[in-house]
Amino acid sequence: MARDALSRDQIIQSAVDLLDAEGLDGLNMRALGQRLGVAPTAVYWHVKNKDDLVTLAGDRVWTEIAPPDPERTGWRAAATAMATDLHAMFSRHPWLVQAFGTHLFYGEGKARYDDNSLAVFEAGGFTGAAADQAAGMMFTFVLGNVLGAAATTTLTRRLTRSGRDAEEEIAGAVAAATAIAQRYPRLRARLDTAATAYDAAPAQTFETGLRVLLAGLESERDRGRMES
């Protein structure tokens, strides 16, 4: 592909695809150039550097979250749909979860998500600071629920790149943790359950937690305990 035929949009989408496949550590201009069929230097005509590219790719994926319609479905259903879409987006792009600790994300995609999120809670009767709190609580709840899976993906890639057997390393850590858990009665009682997996969570943890969170927000709103 000739340099002048290469678009910024193509570069960003290819960066997203490469990040999905290889993670943050696998993104570099050489690998991206190979995907695009251009010399690495051609990419620099459209983006400043790797950090700029991660920021642009990070903003692109926010557009995958469908805007809810609280007037049609009600605010609770709209908030549930938005949180579910956010959870799915983070699950598709675990590198974004890791990148929150190293990059500042902003742009049209993120702004559109934030505006839609506030609109959902305003439709539910949350005003001013209360809407900000509700939107922030939902976001951090979703983020917390994807951390385990994202961390496992990142760890697996790092171990594999260093020439180690990721499955064997994780199994060894789980075995060591299991031996320690034997000394604690409540943990010992759960050793034969799915809770022993490295990034385990009880079934329906996300769905149940989201339902409880939204019900709690509604209750706090009705009691006038949230700032406005």
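**Exercise 1. How many cavities of 30 Å³ or more does the count come to? Describe the largest cavity and its lining.**

Solution. Keep in mind as you work that this is a predicted model.

Step 1: The count comes to 1 cavity of 30 Å³ or more.

Step 2: Next, take the volume. The largest cavity fills about 80 Å³.

Step 3: Now look at the walls. There are 13 residues lining the largest cavity, and Gly23, Leu24, Gln98, Thr154 and Arg157 lie nearest its centre.

Step 4: Trace the lining back to the helices. At least two lining residues come from each of α7 (94-99) and α9 (129-161). The largest share belongs to α9, with 6 residues.

Step 5: Sort the lining of the largest cavity by class. You should find 4 nonpolar, 4 polar and 5 charged residues.

**Exercise 2. Which secondary structure elements make up the protein chain, and what does its C-alpha trace span along the principal axes?**

Solution. Step 1: Count the elements. The protein chain has 12 helices and 0 strands, so from the N terminus on, every entry in the order α-α-α-α-α-α-α-α-α-α-α-α is a helix.

Step 2: Turn to the extent. The C-alpha trace spans about 60 × 50 × 25 Å along its principal axes.

**Exercise 3. Are α1 and α4 roughly parallel or roughly perpendicular? Work from the angle, then list the contact.**

Solution. A reminder helps here: two packed helices are described by the angle between their axes and the distance between the axes.

Step 1: Helix α1 (residues 8-22) packs on helix α4 (residues 50-60) at about 85 degrees, and their axes are 9 Å apart.

Step 2: Angles of 65 to 115 degrees count as roughly perpendicular, which makes α1 roughly perpendicular to α4.

Step 3: On the α1 side, the contact uses Arg8, Asp9, Ile11, Ile12, Gln13, Ala15, Val16 and Leu19, and these meet Leu53, Leu56, Ala57 and Arg60 in α4. By class, this contact of α1 with α4 holds 8 nonpolar, 1 polar and 3 charged residues.

**Exercise 4. At what angle do the axes of α6 and α12 cross, and which residues meet?**

Solution. Step 1: The axes of helix α6 (residues 75-92) and helix α12 (residues 205-222) come within 11 Å, crossing at roughly 140 degrees.

Step 2: Angles over 145 degrees would count as roughly antiparallel; α6 and α12 are therefore oblique to each other. As for handedness, α6 passes α12 in a right-handed crossing.

Step 3: From α6 come Trp75, Arg76, Ala79, Thr80, Ala83, Thr84 and His87; their partners in α12 are Phe206, Leu210, Arg211, Leu214, Ala215, Glu218 and Arg221. The contact of α6 with α12 divides into 7 nonpolar, 3 polar and 4 charged residues.

**Exercise 5. How do α9 and α10 pack?**

Solution. Step 1: α9 packs with helix α10 (residues 166-181) at an angle of about 120 degrees, and the axes are 9 Å apart.

Step 2: The range for roughly perpendicular ends at 115 degrees, and α9 and α10 are therefore oblique to each other.

Step 3: In α9, Leu155, Thr156, Leu159 and Thr160 meet Ala166, Glu169 and Ile170 of α10. This contact of α9 with α10 has 4 nonpolar, 2 polar and 1 charged residues.

**Exercise 6. Which helix gives the most to the lining of the second largest pocket? Start from the volume.**

Solution. Step 1: The second largest pocket has a volume of about 180 Å³. It is lined by 15 residues, and His87, Asn145, Val146, Asp199 and Ala201 are the closest to its centre.

Step 2: Each of α6, α9 and α12 supplies at least two residues of this lining. The most comes from α9, with 4 residues.

Step 3: By class, the lining of the second largest pocket has 7 nonpolar, 6 polar and 2 charged residues.

Step 4: Link this back to Exercise 4. His87, one of the residues closest to the pocket centre, is also among the α6 residues that meet α12.

Methods. Residues numbered from 1 in each chain as written. Predicted model: local features only at pLDDT ≥ 70, side-chain atom pairs only at ≥ 80, totals over all residues. Heavy atoms only, no water. 1 Å grid on protein atoms, 1.4 Å probe; cavity = no way out; pocket = protein on both sides within 12 Å on 5 of 7 lines; lining within 4 Å. Points joined across faces, edges and corners; volume = space filled by probe spheres on them. Nonpolar A, V, L, I, M, F, W, Y, C, P; charged D, E, K, R; others polar. Axes fitted to C-alpha atoms, helices over the stretch in contact; angles between N-to-C directions. Parallel < 35°, antiparallel > 145°, perpendicular 65-115°, else oblique. Left-handed = near helix turned anticlockwise from the far one by under 90°. Contact = heavy atoms within 4.5 Å.
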